[in-house]
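Please look through the model that follows with its interior in mind, beginning with the empty spaces inside the protein and moving on to the strands, the backbone and the cysteines.

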Amino acid sequence: MKFSPGEANPRHEDDRLLTGRGRYSDDVRLPNMAYAAIVRSPYAHAGITGIDAEAALEMEGVLAVLTGADWDADGLGEVVNPGIVIKPPLPKPDGTPFVNPGRKPLPTDRVRYVGEPVAIVLAETPAQAALAAEAVELDLDPLPAAIATAHARDEDAAQVWEAFPRNEVFVHRIGDAKAAEAALSTAPHVLRERLVVNRIHANPMEPRSVTGDYDATRDHYTIYGGVQRSFSFRDMLAEKVFRVTPDQVDVVPGDVGGSFGLKGSMNMEMPLVGWASKRLGRPVKWTATRTEVLTGDEHARDVIVDAALAVDDEGRFLGFQAETVSNLGAFAGFFGLAPAVLNLGSMAGPYTIPAMSVQAVGVWTHTGPVAPYRGAGRPEAAFVIERMVDLAARELGMDPVEIRRRNLIPVDALPYKTALTFTYDCGEFEAVLDKALEAADYAGFAARKAESAARGKLRGIGVAMCIETAGSAGYETTELKFAEDGSVTVLAGTTNHGQGHSTLFAQYVSDRLGYDGAEISVVESDTREIKDGVGTGGSRSAAFASAAVEDAIAKAVAKGKRIAAHLLQVGEADLSFDSGEYTVASSGQHISFQEVARAAFSPDMLPSGMEPGFHEYGRSELGGPSFPNGCHVCEVEVSPDLGTVDVLSHVLVDDVGFEINPMIVKGQLHGGVLQAAGQILMEDLVYDEDGQIITGSFMDYAMPRISDYCSIEAGSHPVPTATNPTGVKGAGESGTVGAMPALANAIENAIAERGAKLPDMPVTPFKLWSALQEALPAKAG
């Protein structure tokens with residue numbers, strides 16, 4: 001099958017994956033492999049006074065039990081978060097620079113959250129390892145714990161780290177605080193609201209699994225496991241943990257069965273299995289149970305926002321102010337600070353708000369670390385501004401669409417520097433709004449609402465504009481490695497975990513070089529085969545990978561032209577190239593690129609001085625982000641007797657620039673909407689006051705099924721960006737960014753006629769029913 005950019009082709013990788021030819025983390029099978037189980041802390045905060053492994057070591061098949069003392073004895077280092085690039089560095093409240101505490105995979109002094117690894121048990125089988133882990137006795141001295149985000153900074157809260165008084169990690173400020181305060185102090189209307197974005201979990205279908213294989217003859221570690229950024233993981237493991245050079249470590253992601261940002265963080269089991277393999281002299285595998293996923297993996301979101309929006313009598317926005325308090329857990333994960341600070345600029349929305357300021361505070365608690373999750377701060381920011389806009393519309397008695405329209409950035413104002421951190425390069429925000437309203441039949445809502453009322457139901461409609469940053473300044477690599485039979489393998493620095501990267505590469509290689517899809521293979525982020533790269537995250541891959549593969553293709557075409565000219569006995573200037581063929585203008589003679597590629601391996605068919613073989617390296621370097629944007633319109637029906645929410649329609653129109661594959665774009669948007677709906681309606685990772693997770697299995701942690709939502713109508717309004725050569729803006733997170741506020745606004749729109757206020761997410765039936773009951777007028781007498 002031929003592919004071309006811009007076409008809605010079927011996914012290139014699906015046949016391989018659906019026929020069982022994928023190789024996921026737990027599929028790795030190496031000779032003489034041992035298995036690991038992790039002993040985890042049952043307390044949120046406790047001193048470690050002893051670990052007794054005697055009974056475990058006597059059990060059948062047990063090979064070893066390793067602790068933090070063994071780690072230290074072997075002279076290994078700490079897992080060090082590479083942090084995020086912010087200049088100047090994030091300041092602590094006292095003004096000194098924030099320095100992230102390092103983390104040993106196994107602590108020796110104290111544990112700081114339920115589920116923290118304390119020891120690793122190695123055995124001949126997974127079952128033997130799991131049984132032995134239960135036999136390891138931990139002598140722990142329980143200590144007070146700080147759990148709730150809202151109380152982490154209380155004077156009497158337990159301290160997570162002594163170097164951070166009141167558990168305050170950093171205080172980061174953007175915008176103009178004086179201008180924002182002045183706008184709020186003089187505005188005729190100021191809306192204030194506390195918005196709580198609850199803690200959830202990514203829950204990919206593939207749980208974490210990792211295999212370590214140490215080769216003593218080479219003093220070399222190979223780590224197999226699904227990760228998003230294998231090169232940075234390799235470098236950190238080499239330099240900080242194992243204390244070797246990067247060429248002594250390889251990271252092999254293989255196929256990754258979902259991530260949503262979670263596998264952009266390094267789980268502690270990754271360095272542990274590498275170390276355990278060296279200790280045992282054989283490969284070691286660990287695979288998480290689903291409960292370990294929920295308790296031991298990094299979590300997401302968990303932020304409280306106090307926001308204020310100033311408006312005039314005509315509904316024009318005058319100023320905005322917010323303080324965010326982000327719960328980082330007990331440790332800052334590999335990119336754990338990113339959601340708290342990098343995407344605060346999205347609170348500006350696509351609006352002309354003249355004065356804005358945001359203060360972001362990070363706090364430690366005795367809970368699991370927090371990592372980026374689909375959107376990594378963008379959905380939270382969009383939720384804040386779009387909820388505030390709806391509150392302003394209700395205060396002024398305005399239509400929610402009209403107040404948005406009055407404040408949208410006009411096309412002729414672009415590029416537009418917001419009052420926060422971003423400069424939007426392009427977009428047609430009002431056109432996107434109009435398309436979405438027409439597709440949702442916004443004008444006919446009143447009649448539908450009346451029909452619902454006749455049946456005793458409350459009908460609501462919610463609108464949300466959204467804009468986000470996708471990617472950032474940086475680079476990516478792609479190589480084209482041709483074989484003697486003319487087939488080609490794309491070696492890419494990106495990492496696919498469901499986005500359809502293989503299809504992206506196949507579309508460009510097929511269209512430009514004339515290849516059939518079956519002749520194209522793709523390998524991503526395998527450090528054994530790929531020189532370098534960055535990886536995947538933040539909706540960066542479409543822009544960077546398409547530019548990098550175009551660069552490699554251009555170099556391949558140029559080299560091929562030399563060979564084609566030699567074979568056809570003409571000058572290079574006489575040749576044109578199009579759709580995989582070199583053609584002589586004067587005679588019409590032609591030769592395919594694949595014929596040229598095959599000839600490249602025969603020395604007697606090459607120009608003088610050209611070495612046999614064909615391998616081209618492409619690289620893209622982009623100077624800044626793009627800004628996907630869109631509008632979501634959601635319609636719901638609420639049962640006032642039951643508190644249930646029936647989502648009737650969800651329409652969105654997104655501008656993600658040039659759509660390399662419109663079918664994949666729609667799939668990304670659909671998935672993002674469902675994940676946003678999960679957070680608004682049901683997902684909730686709950687700790688009790690002692691730090692115990694009480695939603696530690698799928699019996700307690702709810703996620704939406706497709707039957708829990710309506711069919712999603714995804715439209716597009718592409719406005720190509722000039723920030724990258726192919727004009728793409730990134731689509732992986734847009735669905736989640738816009739859907740969270742749209743669904744929340746729809747629910748509140750439904751219950752507002754009863755005087756009820758939207759509960760904090762998740763908006764469960766009980767919470768919604770209770771809000772409606774509280775809003776009922778007091779009975780006489």
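For the cavity linings described below, Ala, Val, Leu, Ile, Met, Phe, Trp, Tyr, Cys and Pro are counted as nonpolar, Asp, Glu, Lys and Arg as charged, and the others, Gly among them, as polar. By these classes, the lining of the second largest cavity has eight nonpolar, three polar and two charged residues. The model is a predicted one, and what is said here should be read as a description of that prediction.

The second largest cavity has a volume of about 120 Å³, and of the 13 residues that line it, V79, R103, A332, G333 and F334 lie nearest its centre. In total, the structure holds six cavities of 30 Å³ or more. The largest cavity contains about 160 Å³ of space; 18 residues line this largest cavity, and the closest to its centre are V303, S326, P339, A340 and E380. Two strands and two helices, namely β13 (300–311), β14 (317–329), α9 (338–341) and α10 (378–396), each give two or more residues to that lining. By class, the residues around the largest cavity divide into ten nonpolar, five polar and three charged.

One of the residues close to the centre of the largest cavity, S326, also leads into the strand pairing, since its bridge partner in β15 is G362. Strands of a sheet pair through backbone hydrogen bonds, either parallel or antiparallel. Both senses occur around β15: nine bridges join β14 to β15, and these two strands run parallel, whereas β7 (residues 168–175) pairs with β15 in the antiparallel sense over seven bridges. Within the second of these pairings, G175 has S357 in β15 as its bridge partner. Strand β15 itself, which covers residues 356–364, is mostly covered, with eight of its nine residues buried.

A separate place to look is the open sheet of three strands, which follow the order β4-β2-β6 with antiparallel pairing. Because β4 (110–111) and β6 (137–142) stand at the edges and each has a single partner strand, one side of each is left without a neighbour in the sheet. Strand β2 (residues 46–52) is joined to β4 by two bridges, the two strands running antiparallel, and along this pairing G47 stands opposite R110 in β4.

Among the helices, α18 (734–751) allows a simple check of its geometry. At 1.5 Å a residue, the 18 residues of α18 should span 26 Å, and the end C-alpha atoms are 27 Å apart, which agrees. This helix is also mostly covered, since 17 of its 18 residues are buried.

The loop that runs between α18 and α19 (765–775) holds P762, and this proline brings the reader to the backbone. Most residues other than glycine have a negative phi, and most peptide bonds are trans. Against that background, the peptide bond that joins M761 and P762 is cis, with omega at about 0°. A cis peptide bond also joins L414 and P415, where omega is about -5°, and P415 lies in the loop between α11 (400–407) and β16 (416–417). As for phi, S539 has a positive value near 55° although it is a residue other than glycine; S539 is found in the loop between β21 (520–524) and α15 (541–568), and with a relative accessible area of 16% it is buried. S579 likewise is a residue other than glycine with a positive phi, near 50°, and its place is the loop between β22 (575–578) and β23 (581–584).

How many disulfides does the model contain? A disulfide is a covalent bond between the sulfur atoms of two cysteines. With a cut-off of 2.5 Å between the sulfur atoms, the count comes to zero disulfides. Two cysteines show why, each of them having its closest cysteine sulfur in C466. The sulfur of C631 is 7.7 Å from the one in C466, which is too far for a bond, and for C426 the distance is 15 Å, again too far for a bond. Both of these cysteines are away from the surface by the accessibility criterion: C631 counts as buried at 0% relative accessibility, and C426 is buried with a relative accessible area of 13%.

Terms used: Residues are numbered from 1 along each chain as its sequence is written. This is a predicted model: local features need pLDDT of at least 70, side-chain atom pairs count only at pLDDT 80 or more; totals for chains, interfaces and linings use all residues. Side-chain values use heavy atoms; hydrogens and water are left out. On a 1 Å grid over the protein atoms alone, a cavity is a set of points where a 1.4 Å probe fits but cannot get out, and a pocket is an open set with protein on both sides within 12 Å along at least five of seven lines; lining residues have an atom within 4 Å of a point. Grid points are joined across faces, edges and corners, and a volume is the space filled by probe spheres set on the points. Helices (H or I, at least four residues) and strands (E, at least two) are DSSP runs, numbered from the N terminus. Two strands pair if DSSP finds at least two bridges between them. Buried means under 20% relative accessible area, exposed over 50%, partly exposed in between (1.4 Å probe, protein chains only). The expected span of a helix is 1.5 Å times one less than its number of residues.
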